[in-house]
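Please read these comments with the sequence and the model open side by side. They are meant as a guided reading for someone new to protein structures.

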Amino acid sequence: MQAAWLLGALVVPQLLGFSHGARGADREWEGVWGGAQEEEREREALMLKHLQEALGLPAGRRDENPEGIPEDKETWGTEEDGQGEEEEEATATPYSGPSPSPTPEDTVTYILGRLAGLDAGLHQLHVRLHALDTRMVELTRGLRQLREAAGDTRDAVEALQEAQSRAEREHGRLEGCLKGLRLGHKCFLLSRDFEAQAAAQARCVARGGSLAQPADRQQMEALTRYLRAALAPYNWPVWLGVHDRRAEGLYLFENGQRVSFFAWHRAPRPEPGAGPSPAPHPLSPNQPNGGTLENCVAQASDDGSWWDHDCERRLYYVCEYPF
């Protein structure tokens, strides 16, 4: 009996020590294997980073487990802390071996896959560029059509303006001959609008005529009777188409022809046998007397005499129209 107890006292501590040594060896092996696995992961990550830099690709998402510890190992470690040392011995989590290192064939396959993706992206860009080019051609065609339409519209507007001008000239000619004085192949029409000489000429031209240009004494006398009857009992100066703007004393009609006769106003002469004549009245001097300051001719409506005036003075005017 004493021998049995002695044997137990010698063997049991040895067994307990062997068991504790075995557990320590397991933990040492796990530490060494975990370090090797972490080193393997770092090597794979470094190789992937170099590959991405060589291809110009963006860096991938980092490992959610930066410490390189497998999830099954973290779970196993948590359970080990919670359940104690006895449950750790009973429960052993199987370990899956480390993933193999990528081979050159895997690297080439990865590169070819990325190149295929780039080629697909370039194809999509070419399709979009073709669509944009087609749209640009359509817009260019539409712009050209708009320009052609605008040109046609401009031509139509110009044609309408020309037709309107012709209609206004024809209307002015008919109105001048219907409402004014018809004399041979001419018609004279008085306008009671106040205008400068150039503006009066422009308005006569716009209505198909010009300022009055009496060609002879007969036309001058007929125009005098027409103006006296139209403006009596008043005396209004009325613009004629006569001026000496080109050269002082050289009087021309608006059509450029030289004036062959004149009807200048003259101051009244004293009767025979009367005393010496007084100085001419300042409001009734002999004409023309304006020099270079008065280069346009107006006719008095009461006696038909001609007076030279400043061309910018605003007066009535009389137009003539062909019949």
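The numbered points below go from the overall fold to single residues.

1. Status and overall layout. The model is predicted. The protein contains 6 helices and 8 strands. Along the sequence, these elements follow the pattern α-α-α-α-β-β-α-β-α-β-β-β-β-β. Of its 323 residues, 25% count as buried.

2. The nonpolar core. Which residues touch the most other members of the largest nonpolar core? They are L223, W239, V242 and W306, in a core of 33 residues. At least two residues of this core come from each of β2 (186-195), α5 (197-206), α6 (217-231), β4, β5, β6 (296-300) and β8 (315-322). Strand β8 gives the largest share, 6 residues. As background, nonpolar side chains tend to be buried together in soluble globular proteins.

3. A nonpolar patch on the surface. V108, L112, L115 and L118 make a nonpolar surface patch of about 380 Å². One of these residues, L118, belongs to helix α4, which covers residues 104-179.

4. Salt bridges within helix α4. The count for the model comes to 10 salt bridges. In general terms, side chains of opposite charge can pair when their charged atoms come close. R166 pairs with E162, and their closest N and O atoms are 3.9 Å apart. Both residues lie in helix α4, separated by 4 residues, or about one turn of the helix. R166 is partly exposed at 45% relative accessibility, and E162 is also partly exposed, at 38%. A network of salt bridges links E162, R166 and R169.

5. Another pair in the helix. R173 forms a salt bridge with E170, with 2.5 Å between the closest N and O atoms. The two are 3 residues apart in helix α4, so about one helical turn separates them. R173 has a relative accessible area of 22% and is therefore partly exposed. E170, with 37%, is partly exposed as well.

6. A salt bridge between distant parts of the chain. E175 forms a salt bridge with R207, the closest N and O atoms being 2.2 Å apart. This pair links distant parts of the chain, since E175 is in helix α4 while R207 is in the loop between α5 and β3 (210-211), 32 residues apart. R207 counts as partly exposed because its relative accessibility is 29%, and the buried class requires a value under 20%.

7. The hairpin of β4 and β5. Strand β4 (residues 237-247) pairs with strand β5 (residues 250-253) in the antiparallel sense, over 3 bridges. Within this pairing, H243 has L252 in β5 as its bridge partner. The hairpin has 2 residues between the strands, and G249 takes a positive phi near 90°.

8. The hairpin of β6 and β7. How many bridges join β6 and β7? The two strands pair in the antiparallel sense over 4 bridges. V297 stands opposite D308 in β7. Between these strands the hairpin has 5 residues, and G304 takes a positive phi near 80°.

9. The two faces of β7. In a regular strand, side chains alternate between the two faces of the sheet. In strand β7 (residues 306-309), W306 and D308 point one way, while W307 and H309 point the other way. Are these four residues buried or exposed? All are buried. W306 appeared in point 2 among the residues that touch the most other core members.

10. Two cis peptide bonds. One cis peptide bond joins A232 and P233, with omega about 10°. P233 sits in the loop between α6 and β4. Another cis bond runs from Q287 to P288, where omega is near -5°. P288 is placed in the loop between β5 and β6.

11. The surroundings of Q287. Q287 itself lies in the loop between β5 and β6. With a relative accessible area of 4%, Q287 is buried. A polar atom of the Q287 side chain lies 3.3 Å from the backbone nitrogen of D308. D308 is the residue of β7 that stands opposite V297, so when inspecting the model, points 8 to 11 can be read together.

Methods:
Residues numbered from 1 in each chain as written. Predicted model: local features only at pLDDT ≥ 70, side-chain atom pairs only at ≥ 80, totals over all residues. Heavy atoms only, no water. Patch = residues over 30% accessible without salt bridge, like charges linked within 9 Å, V, L, I, M, F, W, Y side chains within 5 Å. Areas by Shrake-Rupley, 256 points an atom, 1.4 Å probe, with all protein chains shown as cover. Salt bridge = Lys/Arg side-chain N within 4 Å of Asp/Glu carboxyl O. Pairing = 2+ DSSP bridges. Core = buried A, V, L, I, M, F, W, Y, C linked by side-chain atoms within 4.5 Å. Buried < 20%, exposed > 50% of the residue type's maximum accessible area, 1.4 Å probe, protein only. Polar contact = N/O pair within 3.5 Å; in protein donor to acceptor, adjacent residues only side chain to side chain.
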